[in-house]
Amino acid sequence: MQNIDDTRKDLLARIAVSDAPRELLKVPELKQLYDVIKTLAPEERGAYGKQINELKLLLESAITERESSLEDLAVESIDISAPWDVNGRPLNLLPTEQGTQHPLTLELENVINIFTRMGFEAIESRQIDDDDHMFATLNFPANHPARDGYDTFRTEENFIPPAHTSTMQNRILKAGKSKLEAGGQIASISYGRVFRNEDIDATHEHTFYQCEGIFVSSTATLGQMLGTLRSFFETYYGQSLKIKTQPAYFPFVEPGLEFAIEKPAALGGKPGEWLEMLGCGMIHPNVLSMAGIDPQKYRGFAWGGGIERLVMLKYGIEDIRHFESGKLQFLRKFYE
Amino acid sequence: MIISLNWLKKFTDIDMPVEELATLIGARLVEIESITNLGEKYKDVLVVKVVSAEKLEGSDHLNVTKIDDGGVTANLERDKDGLIQVVCGAPNIKAGQLVAWLPPDSIVPETFAKAEPFKLGIRNLRGTISNGMIASSRELALSDEHEGILELDGDIKPGTSFAKTYELDDYLLDIENKSLTHRPDCFGIVGFAREVAAISGKQFKTPDWLVDLTADFSGDQTASQLDVSVDDSELCSRYLAIVMSDANGSKKSPLHIQTYLSRVGVRPISAVVDVTNYLMMLTGQPLHAFDYDKLVSLNAGKAEIHVRAGRDKEKLELLDGRTIELTTDDIVIASGETAIGLAGAMGGLNTVIDDNTKKIIVESATFNLYKLRSTQMRHGIFSEAITRFTKGQPAELSAPVLSAAVHLMNKWADAQTLSKVAEAYPGKNDRPTINISQALINDTLGDDIDMTKITKTLGNAEFEIETKDTTATIKVPYWRADIHINEDIVEEVGRLNGFDNINPTLPGRNFTAIMPSDFDGFRSKVRKIMARTGVNEVLTYSFVHGDVLNKVGQKVENSYRIVNSISPDLQYYRQTLTPSLLGLINPNIRQGYDNFALFEINKTHRRQDGLTDENVPVETDMLALVIADKNKPAGAPYYQARRIFDYLCACFGLELDYQTIDDKLDESLMAPFEYRRSAKVVDKSNGSLIGLVGEYKRSVAHNFKLPDNAAGFEIDMKALFEIIKTKSNNYKPISRYPSSERDICFQVSSDTAYGQIIEALNDALKNAPVETSILPIDIYQAEAGKTKNITIRVKLVSHDHTLTSEEVTNTIESVIKVVATATDATVI
């Protein structure tokens with residue numbers, strides 16, 4: 001069996017003189033050391049694995065050190081205050097016709113635009129949050145089984161990459177409380193990037209975008225929620241639409257519904273074809289209470305849905321993984 | 001979860017077609033993912049009688065049988081008595097049996113809808129004709145039993161359809177469980193049937209035995225002693241158990257019951273096990289059984305069941321052979337001091353029922369659903385039972401179900417009751433009563449439902465209602481553990497009547513215009529400007545592999561680390577956007593794109609930035625760009641990146657300062673950049689850092705396989721936005737008089753920065769009596785020359801007269817003098 005000490009000495013010596021030290025992490029000697037793990041008895045694996053990890057960390061730091069000493073070798077500085085290089089010419093921008101905006105940000109702007117015109121403020125959601133905003137203030141007690149559905153990532157510190165844009169609900173409600181008590185209404189959407197810890201395929205992504213809305217007043221009704229959502233989709237698709245719902249369970253609403261529209265003609269829809277667009281419901285009284293709003297006096301509704309689905313339907317995009325692929329082949333198909 | 005339509009029909013009348021029912025359930029209860037026509041699978045199977053069975057000559061195991069199909073099968077060869085010949089290899093075939101026969105041309109149900117369905121025919125076995133086949137339980141897709149053919153019970157006329165006989169002419173509804181997380185009642189057929197009745201406007205009637213909460217147990221109740229105790233109602237609100245005898249493992253449950261279990265996905269095993277599964281499927285209440293003798297042997301011969309919290313380091317070997325280490329959050333069933341089961345999840349191996357079992361203890365209990373859920377996650381246990389327990393089955397349910405279990409074990413397995421029911425009920429709760437007004441229901445839904453309809457709607461689902469004028473007092477049935485508050489009743493009324501019958505309206509609002517937030521508007525503008533410069537916007541993941549951080553030299557400890565990612569590519573929050581973009585350059589070059597730039601606007605997170613007032617990590621909105629060209633660079637690529645950023649700033653009327661990097665900058669931001677070929681972008685007014693423009697370190701270029709011609713920038717969007725917000729309009733009226741231009745060529749030492757000339761020039765022009773502007777024309781340096789020539793065009797214009805040649809010359813000369821003094825320049 002190969003000796004860890006010898007490998008360490010040998011590799012450290014090679015890193016010290018290499019021009020491309022990081023390449024040395026790929027040498028077969030290291031791989032062989034890793035392969036040994038499989039051949040060990042389970043009780044020996046832990047200790048051996050730890051040694052290997054220590055070796056790897058040591059090599060990494062030697063590589064970083066070598067890389068920075070390589071940097072110190074002759075690198076010519078430039079006159080960063082000049083508009084172009086010595087003996088150069090004024091520079092052109094890239095051809096303007098090849099520039100594009102990402103289809104998801106384009107569509108988000110579109111959605112925000114419609115809701116803004118309907119009187120909703122738009123607030124971007126956070127990309128790292130805590131259990132309180134992800135679950136507790138949304139009426140998910142600790143260990144509630146409904147938490148399972150969200151497949152949340154977690155950090156060492158127990159922060160959560162949000163699995164829905166509803167992380168903003170408590171903040172929006174708290175901020176809007178005074179407006180409500182002055183006889184006004186809370187009307188807001190929150191939008192942004194959310195995360196689910198799941199395998200990706202053509203229809204699943206661990207990273208995607210959502211848009212969420214909340215409306216609170218002293219007279220809000222479920223009928224108003226249906227009307228608001230229908231009105232949004234009718235504006236978005238530029239035609240009148242049939243809608244239908246299905247009971248659903250989300251702890252932060254009561255009642256909770258799934259909302260579907262009849263597939264619009266613009267998307268090649270035929271009567272009787274339905275598209276499930278989002279989840280919605282009347283805000284649970286506990287959620288209002290937790291934001292300091294009296295559920296006896298005020299009621300509200302909320303909804304939330306994905307942006308990718310809108311874009312995929314609009315353009316007929318076949319694979320959700322394209323969005324975060326950074327492929328120019330894909331990106332250059334979209335324009336204003 | 002699979003729901004059998006025929007099973008539902010035993011509890012409520014269903015007269016609509018299955019598709020219509022599925023639509024109704026979808027609109028008023030839960031999404032149905034698919035409907036399976038089970039009848040198709042069994043459509044050709046017939047019940048037949050084996051009239052004779054004789055050994056096939058020359059075979060040691062085959063029998064030639066003559067079967068009576070009641071004459072219903074056409075086009076088959078029959079003997080003089082009208083019987084059909086089938087060769088059968090099963091050891092248990094006997095004349096006089098009723099069996100299931102698969103005629104020629106039928107598909108073996110076990111292989112139905114599989115990739116290669118097996119179609120039967122007429123075969124010739126050693127010169128003997130065999131028509132189709134007599135089926136085993138496994139071939140009928142009813143159980144794993146394949147030792148012999150399935151013998152049917154009862155008095156069935158030969159030639160009867162097998163599907164009809166066992167009600168397999170059924171439809172199976174596949175239910176989306178997630179939406180019923182809060183509905184323990186719907187995880188039993190009775191509860192689901194109640195909903196089906198109520199949403200179709202029919203009165204439901206729960207079977208009497210499920211409503212009778214005082215369980216009745218027959219048999220000798222004194223033969224065995226049994227005690228149960230529960231430490232804390234927070235662990236278990238109710239625990240019931242009883243001892244039964246002669247729980248013979250070889251006894252089977254009625255075939256009829258077996259077919260119901262198997263169609264909803266439960267494997268029939270033995271009568272005792274089938275009783276527990278059957279009742280769980282029917283009511284949602286799981287049951288468990290322990291071996292009595294094993295249990296008492298662990299506790300010096302005493303039958304005492306103790307429900308307690310797990311102990312630290314305590315071990316338990318489960319039925320599936322795994323040994324787990326318990327925690328104080330687990331609920332444990334113990335005999336004396338020894339753990340014998342992980343409550344609600346799985347029994348222990350030390351009390352498992354086997355062929356030698358004489359007496360059993362049947363458990364019917366209600367455990368804390370939150371604790372069970374954490375147990376489920378911690379130990380990775382996913383079963384039909386824990387799925388139901390974690391929905392929160394009501395404590396009341398445990399008694400009638402135990403009573404039914406005792407009754408069925410007696411009926412199907414001849415088991416006798418040997419003890420009184422031992423009970424601990426520390427978590428007894430009264431059923432809630434809810435007072436609700438008609439107005440609240442209608443105001444919340446936005447509907448107009450009268451009291452009679454409200455009463456009828458809830459009454460159909462067996463809510464007990466008393467009304468007075470427009471107020472209802474509602475007693476919640478015990479199985480609706482999910483109903484606590486007024487809003488729950490509002491939902492019931494809306495849902496059972498159909499939310500789709502509510503008229504959509506729009507909220508009344510004041511006419512207040514809403515502007516998109518300033519920052520949102522700014523960000524949209526930046527996106528459009530960047531696209532206009534020929535750059536492509538990308539979105540990349542917020543998380544990166546640790547290798548990516550290493551490759552740019554960012555310290556992993558500056559990243560928030562994800563601890564439970566299923567993919568190694570998602571280990572750390574990224575500290576800046578640049579590394580994500582660098583990873584996209586080489587793949588796009590390989591796709592044939594030679595000269596392009598990518599940008600992203602997104603949030604970044606760094607541990608060194610600390611937390612906000614809300615105690616969540618600080619987020620920074622960044623804009624990053626990378627421009628790459630496969631071709632040889634014409635000058636340093638730095639200038640290409642800066643050109644784009646200059647343009648962006650120009651679009652907002654902004655000119656920022658570029659400064660050399662001589663001090664340590666933010667380590668995450670700086671990491672990928674080569675400091676000798678990068679510049680800080682600084683707000684002129686207060687010197688604050690906005691970001692960086694520059695080329696990348698050689699190691700970074702190497703690690704990401706970047707072309708030589710690559711550079712970029714990373715800018716703090718909020719900082720940029722703050723500067724733009726304070727920027728005032730700098731419009732000046734246009735002069736009516738012609739302007740004059742002069743090109744000045746300054747010769748300076750080659751290490752004098754262009755910026756020094758410009759700074760001196762601007763200083764000098766500030767005092768000029770006329771309006772001025774400057775434009776760079778040329779930067780020239782001879783090969784190995786010690787000096788360079790910088791040519792600047794100065795434009796002068798007056799607002800009150802045409803400048804004379806002398807005025808122009810005087811101004812230019814005074815300017816030259818200032819610049820020459822400040823920079824040692826000579827003008828050539």
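These turns go through a predicted model and ask how some of its descriptions are reached.

Student: Why are H14(B) and H15(B) called roughly perpendicular to each other?

Tutor: Helix H14 (residues 451-460) of chain B and helix H15 (residues 486-497) of chain B pack at an angle of about 85°, and their axes are 10 Å apart. Angles of 65 to 115 degrees count as roughly perpendicular. H14(B) and H15(B) are therefore roughly perpendicular to each other.

Student: Which residues of H14(B) and H15(B) meet?

Tutor: On the side of H14(B) they are B:Ile454, B:Thr457 and B:Leu458. On the side of H15(B) they are B:Glu492, B:Val493, B:Leu496 and B:Asn497. Residues are in contact if their C-beta atoms, placed from the backbone, lie within 7 Å.

Student: What makes up this contact by class?

Tutor: It has four nonpolar, two polar and one charged residues. Glu counts as charged, so B:Glu492 is the charged one.

Student: In which domain of chain B do residues 451-460 and 486-497 fall?

Tutor: The domain assignment gives domain 4 as 434-501, and both stretches fall within those bounds. The C-alpha centres of domain 4 of chain B and domain 5 of chain B lie 57 Å apart.

Student: How many residues does each chain bring to the contact between chain A and chain B?

Tutor: Chain A brings 95 residues and chain B brings 108. H7(A), helix 222-237, gives the most to the side of chain A, with eight residues. Among the other elements supplying at least two residues there are helix H3 (42-72) and strand E3 (207-217) of chain A. By class, the side of chain A that touches chain B has 38 nonpolar, 34 polar and 23 charged residues.

Key
Residues are numbered from 1 along each chain as its sequence is written. Chains are lettered from A and ligands numbered from 1 in the order in which they are written. This is a predicted model: local features need pLDDT of at least 70, side-chain atom pairs count only at pLDDT 80 or more; totals for chains, interfaces and linings use all residues. Domain bounds come from an automatic or database domain assignment. Two residues are in contact if their C-beta atoms, placed from the backbone, lie within 7 Å. Helices (H or I, at least four residues) and strands (E, at least two) are DSSP runs, numbered from the N terminus. Axes are lines fitted to C-alpha atoms, for helices over the stretch in contact, and angles run from 0 to 180 degrees between N-to-C directions. Angles under 35 degrees count as roughly parallel, over 145 as roughly antiparallel, 65 to 115 as roughly perpendicular and the rest as oblique.
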